[in-house]
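Visitor: Before we discuss pockets and salt bridges, could you show me the sequence and the model together?

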Amino acid sequence: MTGHALAGRLAAPSFVLPGTVAENAAFLAGKVDEVALCLFEAQACLAYTAADMPVALADLPLRWHVHLPVDLPWPTTAGKAEARRAADIAFAVLRKAAFLRPHLAVLHPPETDLDTQRRLLAAFAARWQALSAANSADGAGKPQLALENVSHADVVSLGPHFLEDHGLAFCLDAGHLLGYAQYDILDSPLPEQAALVHWSAPGRQDEHLALTGFTPS
């Protein structure tokens, strides 16, 4: 579900049924306001053709955002060139959906120590924004980059001004917050600032359970 800027909008992922993105989007049209394009695997998504992402998707009564690949080639050290390469790949994946004019792109931070995370994300964000400016004539130039809290990165630890300083938004994953006991997030301004909220009940590791899995408390 999107946050304050679009309060009340409900989004669903592009994989709720076995089938293509197009089949899922057709099923979801009229049931939700928005679809999250699950572009989780870089090379598989770079190989998408018009059969996977037909232009007719743009005719559906849906808004769109994307979840960028979770297998980007992040370096384990703070190599700026490697971080820029990861951004290049992520942006190339995004361009597969440019015709849908997605408004947000969700990114998992790299799994490394905190200082290295900061440096890699700063380099990634700078490259992303340069690519956005260079492609501002089409929809690929518009999505804001949003960092999601995951098992190895609660985002709040990056610092109180990190997101603002690098032009980033926040995607709050409620299941991750509960499953990984990331309660420091609740003591920060981030929940109120979230551009997007992922709702699922916490499970084992990165398991995402149905909302019926929530306890009353």
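**Pockets, salt bridges and confidence**

Visitor: How do the residues lining the largest pocket divide by class into nonpolar, polar and charged?
Guide: This is a predicted model, in which local features need pLDDT (the predictor's confidence in each residue, from 0 to 100) of at least 70 and side-chain atom pairs count only at pLDDT 80 or more, while totals for chains, interfaces and linings use all residues. Residues are numbered from 1 along each chain as its sequence is written, and side-chain values use heavy atoms, without hydrogens or water. With Ala, Val, Leu, Ile, Met, Phe, Trp, Tyr, Cys and Pro taken as nonpolar, Asp, Glu, Lys and Arg as charged and the others as polar, the lining of the largest pocket has 14 nonpolar, seven polar and three charged residues.

Visitor: Which elements give two or more residues to the lining of the largest pocket, and how much space lies in it?
Guide: The lining of the largest pocket (an open set of 1 Å grid points where a 1.4 Å probe fits, with protein on both sides within 12 Å along at least five of seven lines, lining residues having an atom within 4 Å of a point) counts 24 residues, and those nearest its centre are Pro13, Ala36, His198, Trp199 and His208. Two or more lining residues come from each of the strands (DSSP runs of E, at least two residues) β1 (11-13), β2 (34-38), β3 (63-67) and β7 (196-198). The space in this largest pocket is about 670 Å³.

Visitor: Which element supplies the largest share of the lining of the second largest pocket?
Guide: The second largest pocket holds about 290 Å³ of space, and among its 16 lining residues Pro160, Leu163, Glu164, Leu190 and Gln193 lie nearest the centre. At least two lining residues come from each of α5 (162-165), β6 (169-173) and α7 (190-193), and by class the lining comprises eleven nonpolar residues, four polar and one charged. The largest share, three residues, belongs to α5.

Visitor: Which residue forms a salt bridge with Arg127?
Guide: The structure holds four salt bridges (a side-chain nitrogen of Lys or Arg within 4 Å of a carboxyl oxygen of Asp or Glu). In the one made by Arg127, the closest N and O atoms are 2.6 Å apart; Arg127 lies in helix α4 (residues 114-134) and its partner in helix α3 (residues 80-95), so the pair ties together parts that are 39 residues apart in sequence. Arg127 is partly exposed (from 20% to 50% relative accessible area with a 1.4 Å probe, buried being under and exposed over that range) at 29%, and the partner is Asp88.

Visitor: Where do Asp115 and Arg118 both lie?
Guide: Asp115 and Arg118 form a salt bridge whose closest N and O atoms are 2.8 Å apart. Asp115 is partly exposed at 44% relative accessible area, and Arg118 is partly exposed at 26%. The two are three residues apart, about one turn of the helix, and both lie in helix α4.

Visitor: What is the relative accessible area of Arg204?
Guide: Arg204 and Glu207 meet through their side chains in a salt bridge of 3.9 Å, N to O. Glu207 is partly exposed, with a relative accessible area of 30%, whereas Arg204 counts as exposed, with a value of 64%.

Visitor: Over which residues does pLDDT stay under 50?
Guide: The mean pLDDT of the protein is 92, and 94% of its residues reach 70 or more. The stretch where pLDDT stays under 50 has 18 contacts (heavy atoms within 4.5 Å) beyond four places in sequence, and it covers residues 1-6.

Terms used. Grid points are joined across faces, edges and corners, and a volume is the space filled by probe spheres set on the points. Helices (H or I, at least four residues) and strands (E, at least two) are DSSP runs, numbered from the N terminus.
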